Amino acid sequence: MSAARPTAIADTCFLIDWARWRRRDVIFKVFRLVFVPESVLDEITSENTIAWIANWLAEGSLALFTETRDIVEEARRLVERSREIPWIRAVDLPEAICLCAGKRWGYVVLTENRGALMAVEAIEEYRGVKVWRALEVIREALRTGVIAVSDPLSVFREYEEDTRHIFPRRDLESVVRELEGDAGKVG
Amino acid sequence: MKEMPGKWAELEREAREIRRRYADWEFIEKQPPRLRAALKYYVETGDIRRAAKLAGLKLEDFRELLRRANVPVVV
């Protein structure tokens, strides 16, 4: 029996690529629930992404996250703090809201924003927040058998092909090695 | 620390090279000045939110423009 599925919160950059992938619905087998902040929903414009979100909101696997004043204030502080660290890529309010919610409630933060990835490394109080890109979500789907294939790399290639999103080579090789190692252990 | 730590600097360098290599420069050069500047900014920085602002487009519309310009997101 697998461990309980986690809850996630997704930002715009993640959703607009993920929603183009042929296997996009697997996300709801990886996560119990995925929150979408209202500020993120405001940034979604394509029919494809909106229709996908609407369908899963109706199913109850996606849920709207309404930003409260205190979360927005905390997120604004995080944005300011990220600006004070010269080497960090910008963290903007929608990503910051996801990071704050991730910190407060333990949600996995889904983003393709490198600033968010850097912030959890650079800012002490956010260090424990789990931030996943599509790379890690797919890894988890493969690791847990949600996607069962003999060639894990082909799944990442599908994603790259469908979305025009490219995974950094070193990260991709490391994840594929890890998955093939896991498969070896199981087999 | 003012300089980007090595791991991130390397990732940024790799991403920029991939964006430059894949980009359809003919398509980019044919765009109106504002879109052209925003696309070039994105190729160099990977900062989609600022690039979308420069283009005067919503984030997802700018992402679609990136696809048409064959500029990948590398994260």
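This briefing walks through the sheet, the domains, a helix pair, one buried residue and the chain contact. Keep in mind that the model is predicted. At the heart of the tour is an open sheet of five strands in chain A, and chain A is also assigned two domains. Chain B joins in too, since β6(A) pairs with strand β1 of chain B.

**The sheet in chain A**

- Going across the sheet, the strand order is β3-β2-β1-β4-β5, and the pairing is parallel.
- Which strands sit at the edges? They are β3 (62–65) and β5 (131–132) of chain A, and each of them pairs on one side only.
- Strand β1 (residues 7–10) of chain A has β2 (residues 33–37) of chain A as a parallel partner, with three bridges between them.
- β1(A) also pairs in the parallel sense with β4 (residues 108–110) of chain A, again over three bridges.
- Ala8(A) is a handy residue to click on: its bridge partner in β2(A) is Val34(A), and its bridge partner in β4(A) is Val108(A).
- Further along, β4(A) and β5(A) are joined in the parallel sense by two bridges, and here Leu110(A) stands opposite Trp132(A) of β5(A).
- Helix α6 (residues 93–105) of chain A lies across β1, β2, β3 and β4 of chain A, and runs at about 165 degrees to β4(A).

**Two domains in chain A**

- Domain 1 of chain A covers 7–132, while domain 2 covers 138–186, according to the domain assignment.
- Taken over C-alpha atoms, the centres of these two domains of chain A are 22 Å apart.
- How many residues of each domain meet the other? Eight residues of domain 1 of chain A are in contact with nine residues of domain 2 of chain A.
- On the domain 1 side of that contact in chain A, you'll find three nonpolar, no polar and five charged residues.

**A pair of helices: α8 and α9**

- Helix α8 (residues 134–143) and helix α9 (residues 152–163), both of chain A, have axes that come within 11 Å and cross at roughly 140 degrees.
- Is the crossing of α8(A) and α9(A) left-handed or right-handed? It is right-handed.
- From α8(A), the contact uses Ala134(A), Ile138(A) and Leu142(A); from α9(A), it uses Pro152(A), Val155(A), Phe156(A) and Tyr159(A).
- Sort the residues in this contact of α8(A) with α9(A) by class and you get seven nonpolar, no polar and no charged.

**A closer look at Val30(A)**

- Val30(A) is part of helix α2 (residues 27–30) of chain A.
- Why does Val30(A) count as buried? Because 22 other C-beta atoms lie within 10 Å, and the cut-off for buried is 20 or more.
- Leaving aside its neighbours within four places in sequence, Val30(A) touches Arg5(A), Val137(A), Glu140(A), Ala141(A) and Val146(A).
- Val30(A) and Thr7(A) are 23 residues apart in sequence, yet they sit 9.0 Å apart in space, C-alpha to C-alpha.

**Where chain A meets chain B**

- Chain A puts 23 residues into the contact and chain B puts in 25 residues.
- In chain A, α1 (12–18), α7 (114–122) and β6 (165–166) each supply at least two residues to the side that touches chain B.
- α1(A) gives the most to that side, with four residues.
- The chain A side that touches chain B is a mix of nine nonpolar, five polar and nine charged residues.
- β6(A) and strand β1 (residues 73–74) of chain B pair in the parallel sense over two bridges, and the bridge partner of Ile166(A) in β1(B) is Val74(B).

Note on methods
Residues numbered from 1 in each chain as written. Chains lettered and ligands numbered in written order. Predicted model: local features only at pLDDT ≥ 70, side-chain atom pairs only at ≥ 80, totals over all residues. Axes fitted to C-alpha atoms, helices over the stretch in contact; angles between N-to-C directions. Left-handed = near helix turned anticlockwise from the far one by under 90°. Contact = placed C-beta atoms within 7 Å. Nonpolar A, V, L, I, M, F, W, Y, C, P; charged D, E, K, R; others polar. Pairing = 2+ DSSP bridges. Buried ≥ 20, exposed ≤ 12 C-beta atoms within 10 Å, placed from the backbone. Domains from an automatic or database assignment.
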